[in-house]
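I opened this entry to record what I looked up on cysteines and on one helix pair. The notes follow in the order in which I checked them.

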Amino acid sequence: MIEFLEKLHTYIEKISSEEERIKKAAEIIITAMEKNHAVHFWGPGGHSSIFAEDVLYREGELANINPIIDPNISLSHGAMKEINYFERIEGIGKAIVRSNRIKKEDVIVIGSPYGVNPVCIEGALACKDLGAIVIAITSPAFSDYLQNDETRHKSRKSLFHIADYYIDSHTPEDDLTLYSKKLNRKYGPVGTILQLITLKALTTTVIKISADREIEIPLWMNALEKGGVDYNDQFMNKIWCKVKAL
Amino acid sequence: VQGKSVVKKRRNITMNAVNKYRNTIMEIIELLTLREADCRKAASLIVQAVENNNIVHFFGTSRTTGSVAEDIFFREGSLLCYNPMFDPSLSVTHSASRSFYLDESPLLGTFLIEYYRNIKPKDVLIVIDNPGYGKTCHEAVTAANEKGLAVIAITSRAFFDDMKEKKELSTDHVWLGDMDVDLVINNYVPYGDAVIPFDFLGRSGGWVSDIANRYLLNMINLLVLQELDSNNYKADIFYSFYTDEGKAINETYIEEYYGKIKHI
């Protein structure tokens, strides 16, 4: 087996140990949805932003959520700009939360494997101040490993400290899975994959529990298939303007 | 104004480029001010929409007009029901060359009108395109007509006619203003947009279209405010973002219009 895939399997096994936390988070999301509170998904970081993109408008995913995509806090408007500069700017996290109209009793799932950058921490704190419930998908081991003050929020808190609930994505502390003696380097980053697998475990659990309880839950159809666009329009017309990323 | 550009390139006048540019701009502004009657008609269409809870959409359909819609958005004196239609494809911010290559691409106008789900019958669409021959502006008008919108075109007859005369457009090309629109406002942008030529360089500089289009939109907005004021109609209008009171009221507006205006 390819060494990376072998390693990946071991990490996925570790995520399985999060079953109870995943079910608990799913219940919180279902309760919020039943009470018509908004549920947001946000990956406040460069590669972390893929977290929200992955649940945005795709077949079999929830059609009643607000994935937050901010061009400044993603790779799309400059990877180096985001990672070296923007995710360290004070004020952006709060502005993103404010501009997404996050409210009391909303749920926000924040995904960041390291969970320490100023935008992430400030955003999570702003959500808490507003009375929203913060669920984190993050890796405490990775958070603890990163001790560079330049990359951390001034409070030196980590996402898993702030969140009301967190699920461990078991991303290794330096994100890397393999080592080459010849290069004398570690390689094979895995954080994005593990964050997404954990996220998928959560959203599929939300859908499964809802279905088992016969709770109506809107799911996108494949827009590439015939009839898909028309089917999706029933949800799209309700949320298009509020879900700014659509 | 048909045919030749009203605003001539100032090749033989011995003034420096900045003076020439200023004089040309002043000339265009004078010409645009003479279109007040047209702007008044546009304002009346907008006021009617506002009073009926409809939305007014602003769509600059090329790389040189894509940003114009930003000018009327989210600032003191701008109505909350103004919905600018932005798309990176039509601006230079997400690759200038790509926006240029898309000039004659089909379906962009049709799809963007379909994409903006807040477009409803009896809304007003203001399409801004300088030469007015591109597929995007034409498709936007056709799609808006199908949806039952009132359409106002801001465009330049002279620019289009000069392109045809220079054989840069085929005889099949149709001018935006000749389409099925409710109102055409000439923006007097001359052929090429740049009005000050430099003989040795063989190039021109000094663009006028942004100033012309933004001046026209300001005229229209002022006439909207004037008509609402004389009708004693309290429309939702942004306050200043520089005062505490204004910021507080604007915050309530943002909340109210969050689900109605995409880019708020």
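**Cysteines**

I began with A:Cys127, which is buried at a relative accessible area of 0%. I note here that the model is a predicted one.

I then turned to A:Cys120, which likewise counts as buried, because its relative accessibility is 0%.

How far is the sulfur of A:Cys120 from the closest cysteine sulfur? I found a separation of 9.8 Å, the partner atom being in A:Cys127, and this is too far for a bond. A disulfide would require the two sulfur atoms to lie within 2.5 Å. Seen from the other side, A:Cys127 has the sulfur of A:Cys120 as its nearest cysteine sulfur and takes part in no disulfide. Over all chains I recorded zero disulfides.

**Helix pair**

A:Cys127 also appears among the α6(A) residues that meet α5(A), so I looked up this packing next. I have α5 as residues 92–99 of chain A and α6 as residues 118–129 of chain A; their axes are 7 Å apart and the packing angle is about 45°. I therefore entered α5(A) as oblique to α6(A). The crossing of α5(A) past α6(A) is right-handed.

Which residues meet? From α5(A) I listed A:Ile92, A:Gly93, A:Lys94 and A:Val97. From α6(A) I listed A:Val119, A:Glu122, A:Gly123, A:Ala126 and A:Cys127. I sorted the residues of this contact into five nonpolar, two polar and two charged.

Methods
Residues are numbered from 1 along each chain as its sequence is written. Chains are lettered from A and ligands numbered from 1 in the order in which they are written. This is a predicted model: local features need pLDDT of at least 70, side-chain atom pairs count only at pLDDT 80 or more; totals for chains, interfaces and linings use all residues. Side-chain values use heavy atoms; hydrogens and water are left out. Axes are lines fitted to C-alpha atoms, for helices over the stretch in contact, and angles run from 0 to 180 degrees between N-to-C directions. Helices (H or I, at least four residues) and strands (E, at least two) are DSSP runs, numbered from the N terminus. Angles under 35 degrees count as roughly parallel, over 145 as roughly antiparallel, 65 to 115 as roughly perpendicular and the rest as oblique. A crossing is left-handed if the near helix is turned anticlockwise from the far one by less than a right angle, and right-handed if clockwise. Contact means heavy atoms within 4.5 Å. Ala, Val, Leu, Ile, Met, Phe, Trp, Tyr, Cys and Pro count as nonpolar, Asp, Glu, Lys and Arg as charged, and the others, Gly among them, as polar. Buried means under 20% relative accessible area, exposed over 50%, partly exposed in between (1.4 Å probe, protein chains only).
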